[in-house]
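Dear colleague,

I am passing on the structure we spoke about, and would be glad if you could look it over beside the notes below.

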Amino acid sequence: MTTHHVAGSAPTTSVRGEVWVGVACVAGGVVLGALWALVGATVVGATDPDEQAAASDGTFALLGIGFGLVSALLLAVLPGHRQVVRAGVALAGSVLGGFVGLAVGLVLGAPALRADGMVLAWPVVLGAVTTLRLLVVHLLGRE
């Protein structure tokens with residue numbers, strides 16, 4: 001027997017209901033970029049010229065880790081009815097938010113990243129912490 005999904009069906013509606021999570025992550029990317037430009041300029045200015053690229057990359061990475069931890073905390077506090085859907089939307093939004101943060105930071109004068117992978121610090125931390133939390137909740141049987 002084949003199942004056909006009709007417009008407004010549960011899978012489509014559940015993802016639409018989580019759009020705000022993705023929008024919040026993109027808005028967070030704007031904040032990430034602004035913070036990187038602001039803090040990064042101070043950190044880079046206080047380092048030796050040979051270490052400036054590493055200082056800029058490290059600043060972006062640390063901010064991304066912080067955003068990942070805060071996002072994971074928010075997912076734990078506001079899990080929604082469909083935790084996996086919300087987590088997936090947050091993960092996709094954090095990837096986009098990282099790239100938005102990079103673009104905003106560059107526009108505001110932050111030095112270019114040499115380690116492009118730092119853009120993924122936010123989604124990697126978000127995914128790892130959320131996966132661990134859901135695994136522990138599952139193993140303890142407290143869903």
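The notes below cover the core, a surface patch and one helix residue.

This is a predicted model, in which local features need pLDDT of at least 70 and side-chain atom pairs count only at pLDDT 80 or more, while totals for chains, interfaces and linings use all residues. Residues are numbered from 1 along each chain as its sequence is written, and side-chain values use heavy atoms, with hydrogens and water left out.

The largest nonpolar core (buried Ala, Val, Leu, Ile, Met, Phe, Trp, Tyr and Cys residues joined through side-chain atoms within 4.5 Å) has 20 residues, and Leu32, Trp36, Phe60, Leu102, Leu113, Trp122 and Leu126 are those with the most contacts inside it. Two or more residues are given to this core by each of α2 (19-45), α3 (52-77), α4 (83-107) and α5 (121-140), where helices are DSSP runs of H or I with at least four residues, numbered from the N terminus. Leaving aside neighbours within four places in sequence, Phe60 is in contact (heavy atoms within 4.5 Å) with Leu32, Trp36, Gly98, Gly101, Leu102, Leu113, Met118 and Val119.

Thr130, in helix α5, counts as buried because its relative accessible area is 5%, the cut-offs being under 20% for buried, over 50% for exposed and partly exposed in between, with a 1.4 Å probe and protein chains only. Beyond its neighbours within four places in sequence, Thr130 is in contact with Ala72, Leu75 and Ala87.

Leu78, in the loop between α3 and α4, is partly exposed, with 43% relative accessibility.

With regards
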